[in-house]
Amino acid sequence: MHGEFFRRACLESLRAVLFCVGLCLAGETLFAVFIRAFSPSAATILGVNAAIESVCAFVSCALSIRRERALFKGLAAGALCVVCDTLVFGAIAGNIALTAFFALKLLLGAVAGGLGALLGANLRKQ
């Protein structure tokens, strides 16, 4: 039974991470158009990128995580979403810059993923 739970939890988390990366790519593409048009400051760009990652982690976990222990699966999936997004966008940009802000994004993504998973699991029960 534990092996089945672990396999199902990994599949749900993987689905959430892949969905999150796709959403982030779409969101960042739309934001790139905004950046090109209005030239916001670097701090604004960092903040909006973190917000996009958090919203995508919340939505993807709410739609992908199910069943028991949703909070823990959501926390893990949210943190993995931020790590995978950083790797994908680092590969696109040609460099990966890990700063102290990354730790904050990681925490924010994990919390957003956990809350999204809890919301999704509770809405499915009813």
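## A guided tour, starting at C20

Select C20 to begin: this cysteine is buried, with a relative accessible area of 0% (buried means under 20% relative accessible area, exposed over 50%, partly exposed in between, using a 1.4 Å probe and protein chains only). Before going on, note that this is a predicted model, where local features need pLDDT of at least 70, side-chain atom pairs count only at pLDDT 80 or more, and totals for chains, interfaces and linings use all residues. Residues are numbered from 1 along each chain as its sequence is written, and side-chain values use heavy atoms, with hydrogens and water left out.

**Stop 1: the cysteines**

How many disulfides does the structure hold? The number is zero, where a disulfide is a pair of cysteine sulfur atoms within 2.5 Å. Keep C20 selected and add C81: the sulfur of C81 is the nearest cysteine sulfur to C20, 3.4 Å away, and C20 is in no disulfide.

Next, select C24 and C56. The closest cysteine sulfur to that of C24 belongs to C56, and at 3.7 Å it is too far for a bond. C24 also counts as buried, at 0% relative accessibility.

**Stop 2: A62 and its contacts**

Now select residues 42–64, which form helix α2, and find A62 in it. Helices here are DSSP runs of H or I with at least four residues, strands are runs of E with at least two, and both are numbered from the N terminus. Is A62 buried or exposed? A62 is buried, with a relative accessible area of 14%.

Add L118 to the selection. A62 and L118 are 56 residues apart along the chain, yet their C-alpha atoms are separated by 7.2 Å. Then show G116, A117, G120 and R124: these are the residues in contact with A62 once its neighbours within four places in sequence are left aside. Contact means heavy atoms within 4.5 Å.

**Stop 3: the whole chain**

Zoom out and colour by secondary structure. You should find four helices and zero strands, in the order α-α-α-α along the sequence. The radius of gyration is 15 Å, close to the 14 Å that the globule rule gives for 126 residues, so the chain is as compact as a globular protein of that length. That radius is taken over C-alpha atoms, and the globule rule is 2.2 Å times the number of residues to the power 0.38.

Turn the C-alpha trace around: along its principal axes it spans about 50 × 30 × 20 Å. Finally, colour by burial, and look for the buried residues that make up 36% of the 126 in the chain.
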